[in-house]
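The following exercises concern the packing of one helix and the nonpolar cores of a model. Each task is followed by a solution in steps.

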Amino acid sequence: MTSTNNFDVVVFGGGSAGYACALRASQLGQSVALIEKDKLGGTCLHRGCIPTKALLHAAEIADHTRDSAHYGVKADFVGIDMTGVNSYKDGIVNKTFRGLSGLIKSRGITIVEGDGKLVAANAVEVNGVRYEGRNVVLATGSTPRSLPGLNIDGKRIITSEHALHLQQVPQSVVVLGGGVIGVEFASVWRSFGAEVTIVEALPRLVPTEDTESSKRLERAFRKRGIKFHTGVRFSGVTETEGGVQVSLEDGKTIDAELLMVAVGRGSVSEGLGYEQAGIAMERGSVVVNEYCQTNVPGVYAIGDLIPTLQLAHVGFQEGILVAEHIAGQEVKPIDYKGVPRVTYSDPEIASVGLTTEQAKEQGYEVKEAMYDLAGNPKSSILNTSGVVKVITAQDGPVLGIHMVGARVGELIGEAQLIYNWEAFPSDVAPLIHAHPSQNEALGEAHLALAGKPLHVHG
Ligand SMILES: Cc1cc2nc3c(=O)[nH]c(=O)nc-3n(C[C@H](O)[C@H](O)[C@H](O)COP(=O)(O)OP(=O)(O)OC[C@H]3O[C@@H](n4cnc5c(N)ncnc54)[C@H](O)[C@@H]3O)c2cc1C
């Protein structure tokens with residue numbers, strides 16, 4: 001018999017990973033408690049994926065309005081009304097939040113509101129009440145990281161969380177970190193009219209992506225007037241009358257109204273009782289095996305709390321995997337290389353599988369095709385440039401797909417099927433792609449690899 005505070009599964013954290021686990025577990029007939037101190041939906045819905053994509057869409061409209069004459073449309077770009085932008089963004093977040101809350105409630109999940117702490121391997125305490133589970137799933141997520149010497153005051157020195165609530169467009173911003181979050185905000189602010197400078201310690205922007213994608217993004221950003229310093233470290237920041245002065249280790253200084261710190265995200269685990277319960281940790285993250293099990297029997301961890309890709313859809317899948325594992329189903333570990341990755345800046349970057357460098361490191365004799373979007377009429381209609389790059393093993397399956405250009409994020413669905421089904425170029429080449437579509441560029445790259453290029457010069 002299950003008493004009020006005894007459950008099959010106690011999920012600690014109601015973000016993407018935690019709520020997905022709760023939904024799947026309840027679907028499998030488990031009694032579930034979902035503990036959340038803030039709002040169901042977590043970072044992705046309230047401070048991440050959704051609000052940033054709303055900003056990026058408003059940014060796209062601003063750019064289209066400015067460029068309207070190119071299409072023969074008469075429109076004047078007058079400016080950005082941040083109150084209006086924020087109300088559009090918040091409207092999307094609130095609508096999605098209402099939908100999600102209703103869905104979770106409809107599944108009979110017990111939602112526990114409050115600040116929790118793991119007080120035993122099988123129990124989380126909230127407001128003095130103990131919630132025990134046959135299994136406990138830790139899903140407390142992540143929060144923005146900082147650097148020593150940085151005082152994030154939320155006014156002049158901010159993180160992505162503050163950046164979502166600005167009441168006006170800053171005149172100038174330094175973005176510290178050229179990873180996915182830094183690049184997306186840089187793109188938004190530039191479209192809104194700000195002077196933007198990115199500082200990245202590694203030698204290129206989006207350094208975890210294929211080198212070709214970084215090169216194309218850098219070229220596009222240069223054209224858009226987004227400045228960047230790569231391969232140089234930040235050394236300090238001082239406040240000035242108009243904002244901040246950022247110093248770099250090569251002696252250069254940059255003045256701006258704001259500094260946004262986007263140097264990665266660290267797990268939320270401090271003070272939550274994890275170590276006391278005997279759970280193995282590494283640099284703040286919970287250590288797990290391929291089934292997201294910690295070293296303590298009955299305790300799992302998922303999402304940004306563990307050192308896998310920090311993406312909402314990775315959290316969803318880890319949550320589902322854990323729920324099914326708990327229910328005794330046979331589950332297949334996640335192939336993290338097969339996770340689709342999208343950077344939603346202008347231009348977008350989308351990728352799945354290995355980069356050329358990784359494929360070579362793994363000993364593959366690599367064959368590649370690069371299809372330039374200049375040859376793709378739909379991309380010309382959209383006035384975008386970019387590339388689709390497909391990497392295969394010599395006489396083998398597709399190992400990686402890397403795309404750059406407006407809206408290429410929408411092409412990743414097909415790309416991930418190709419990679420995850422281990423298709424050969426000769427499997428994909430006969431598949432028909434609708435004309436005119438950007439998907440044709442994927443088809444063309446596979447035709448080229450299969451030895452029968454169609455719309456290719458020379
Ligand atoms: C600016 C930005 C843009 C992003 N864009 C994308 C994107 O486009 N696509 C994508 O896939 N990913 C994106 N991400 C990443 C994505 O948001 C995360 O990977 C995802 O939210 C992780 O989910 P999670 O459930 O592990 O953690 P979280 O979403 O952080 O959820 C953890 C939850 O646990 C709760 N919690 C923590 N401690 C306690 C406690 N003591 N008691 C009770 N509750 C607690 C928190 O309140 C939170 O709701 C973005 C992130 C950011 C910051």
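**Exercise 1.** Determine which residues of α7 are exposed and which are buried, and explain the arrangement of the buried ones.

*Solution.* On one side of α7, R222 and K223 are exposed (12 or fewer other C-beta atoms within 10 Å of the residue's own, with C-beta atoms placed from the backbone). The model is predicted: local features require pLDDT of at least 70, side-chain atom pairs count only at pLDDT 80 or more, and totals for chains, interfaces and linings use all residues. Residues are numbered from 1 along each chain as its sequence is written.

Next, S213, S214, R216, L217, A220 and F221 are the buried residues of α7 (buried: 20 or more such atoms within 10 Å). Viewed down the axis of α7, they fall within an arc of 165° (taken from the directions from the helix axis to the C-beta atoms), so they line one face of the helix.

Finally, these buried residues pack against β11 (227-230), β21 (348-353), β23 (387-393) and β24 (398-405); contact requires C-beta atoms within 7 Å. Helices (H or I, at least four residues) and strands (E, at least two) are DSSP runs, numbered from the N terminus.

**Exercise 2.** Identify the residues that touch the most other members of the largest nonpolar core, and the helix that gives the most to it.

*Solution.* The core has 76 residues, among which V175, L176, L259 and M260 touch the most other members. A nonpolar core is a set of buried Ala, Val, Leu, Ile, Met, Phe, Trp, Tyr and Cys residues joined through C-beta atoms within 7 Å. Helix α6 (residues 180-191) gives the most to this core, namely 7 residues.

How values were computed
Contact = placed C-beta atoms within 7 Å.
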